[in-house]
Amino acid sequence: MTQTETSAPVSIAVLGGGSFGTAIANIVAGNGHDTRQWMRDPEKAASCRQLRENTYYLPGVPLHPELTITSDLQAAVKDCRIVFVAIPSKSFRQVVKTVAPMLAPGTMLISTTKGIEHDSFHLMSDILLEETSGMRVGVLSGPNFAKEIVEGHYTATVIASEHEELCKTIQNVLHSETFRVYSSNDVFGVELAGALKNIYAIVTGMAKALGRGGNTTSLLITRALAEMMRLAEAMGADPMTFIGLAGVGDLILTCSSDLSRNYRVGYLVGKGMPLEQAVAEIGQVAEGVNTVRLIKRKADELGVYMPLVSAIHAILFEERPIPEVIRDLMSGAQTFDVAYSAKP
């Protein structure tokens, strides 16, 4: 498939019935492509087909009339050379393993999931490569609230892949009057940024619940970025990726809006609600909660200084009182502000 071929309608599948998968499916269908959205739950798929609305994840948003919705995985991916995988991290591998035999060699597989597989520290692109053979893999990440995308707010995202043709193809398929797609070849950095920022939305949500103002939010976001870049460098990603849309762009968005599930979890915990109850009340996957344990373990293993991660871990999983953790943070070592410089 060449870039010029994608200027004509092509068959594209979106696996996942959540808010972001629905937003991507709507964009692609609106660009005139044969678009099939797969949902695991037959009842939800039938409801979306009948009502032409995803009432659970994007209530009030009309689905594109040409978007096909199905719970038949084989039918969804038949003859598709582009497949977006918008599945929560805990179910990601199983879905990919199931769909792999149904895909033609050379299929473009694009992960939109911002998370890390529990216990393995595998990112979603790792899983795509492990569970398939002969496919071209990419990741889509950026400051992208699904609700605002479908409402037509100006939005940008990043497609990252080692395959330049894949990046150009996805840019062409997704571009619209309100949605821009930038490219990157740092797959690991873009994907790691998307997973890490979820953690810090939890702590900014807590700060809001405690009545802290803009100064505190700004402090948390900028020091979060410093932590993210330190871990990126230790793990072999390009720290400069983190000053782009997938890094600081997504970090600012997720840490400053109650549209973020992770932010809302942090807010409820900051108000005194137990973690399990807060997660249940949100009713959707908050990937940051699962990621905190994994990143804390990885930072300790690599000797990377991540005081905010340690603080969030202490509050969520060690049952330490929030005021006590805050005192420890504010009395810690005052280190150098910016660790990277363009000067020799």
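His-313 is found in helix α14, which covers residues 307-317. In this predicted model, His-313 is buried, with a relative accessible area of 14%; that value counts as buried because the cut-off is under 20%. The side chain of His-313 still finds a polar partner, since a polar contact of 2.7 Å joins it to the side chain of Glu-318. If you set aside the neighbours within four places in sequence, His-313 is in contact with Val-292, Arg-293, Lys-296 and Glu-318.

Two of those names, Val-292 and Lys-296, take us to helix α13, where both appear among the buried residues. Helix α13 runs over residues 287-302. How far apart should the ends of α13 be, and how far apart are they? At 1.5 Å a residue, its 16 residues should span 22 Å, and the end C-alpha atoms are 22 Å apart, so expectation and model agree. The buried residues of α13 also include Glu-287, Gly-288, Val-289, Thr-291, Leu-294 and Ile-295, along with Lys-298 and Ala-299. What covers them? Among the elements packed over these buried residues are α4 (89-99), α8 (187-209), α9 (214-235), α11 (261-270), α12 (275-282) and α14. Just after α13 comes Gly-303, whose phi is positive, near 70°.

From that list, let us pick up α9. The same length check works here: at 1.5 Å a residue, the 22 residues of α9 should span 32 Å, and the end C-alpha atoms lie 31 Å apart, which agrees. Its buried residues are Leu-220, Ile-221, Ala-224, Leu-225, Ala-226, Glu-227, Met-228, Met-229, Leu-231 and Ala-232. These buried residues pack against α8, α10, α13 and α14, and α14 is the helix in which His-313 is found. As with α13, a glycine with a positive phi follows: Gly-236 comes after α9, with phi near 95°.

The pairing of α9 with helix α10 (residues 245-255) can be followed in more detail. Their axes come within 10 Å and cross at roughly 145°, and α9 passes α10 in a right-handed crossing. On the α9 side, the contact is made by Thr-217, Ile-221, Ala-224, Leu-225 and Met-228, and on the α10 side by Val-248, Leu-251, Ile-252 and Cys-255. What is the chemical make-up of this contact? Its residues divide into 8 nonpolar, 1 polar and no charged.

A charged residue does lie elsewhere in α10, namely Asp-250. Asp-250 is buried, with a relative accessible area of 2%. Leaving aside neighbours within four places in sequence, Asp-250 is in contact with Lys-114, Ser-141, Gly-142, Pro-143, Asn-144, Gly-194, Lys-197 and Leu-245.

Let us move on to the strands with Ser-111, whose place is in strand β5 (residues 108-111). Is Ser-111 buried or exposed? At 1% relative accessibility, Ser-111 counts as buried. Outside its neighbours within four places in sequence, Ser-111 is in contact with Val-85, Phe-92, Met-124, Leu-128, Gly-138, Val-139, Leu-140 and Glu-191. The side chain of Ser-111 also reaches the backbone nitrogen of Thr-113 at 3.2 Å. For a view along the chain, Ser-111 and Ser-161 are 50 residues apart in sequence, and their C-alpha atoms are separated by 11 Å.

The last stop is helix α2 and two residues with positive phi. At the N-terminal end of α2, Asp-41 acts as a cap: a side-chain oxygen lies 2.8 Å from the backbone nitrogen of Glu-43. At the other end, α2 is followed by Arg-52, whose phi is positive, near 55°, and Arg-52 is a residue other than glycine. Arg-52 is found in the loop between α2 (42-51) and β3 (68-70), and at 25% relative accessibility it counts as partly exposed. Asp-79 likewise has a positive phi, about 65°, although it is not a glycine. Asp-79 is found in the loop between α3 (73-77) and β4 (82-85). With a relative accessible area of 60%, Asp-79 is exposed, since the cut-off for that class is over 50%.

Note on methods: Residues are numbered from 1 along each chain as its sequence is written. This is a predicted model: local features need pLDDT of at least 70, side-chain atom pairs count only at pLDDT 80 or more; totals for chains, interfaces and linings use all residues. Side-chain values use heavy atoms; hydrogens and water are left out. Helices (H or I, at least four residues) and strands (E, at least two) are DSSP runs, numbered from the N terminus. Buried means under 20% relative accessible area, exposed over 50%, partly exposed in between (1.4 Å probe, protein chains only). A polar contact is a pair of N or O atoms within 3.5 Å; within protein, one must be able to donate a hydrogen and the other to accept it, and residues adjacent in sequence count only if both atoms are side-chain atoms. Contact means heavy atoms within 4.5 Å. The expected span of a helix is 1.5 Å times one less than its number of residues. Axes are lines fitted to C-alpha atoms, for helices over the stretch in contact, and angles run from 0 to 180 degrees between N-to-C directions. A crossing is left-handed if the near helix is turned anticlockwise from the far one by less than a right angle, and right-handed if clockwise. Ala, Val, Leu, Ile, Met, Phe, Trp, Tyr, Cys and Pro count as nonpolar, Asp, Glu, Lys and Arg as charged, and the others, Gly among them, as polar.
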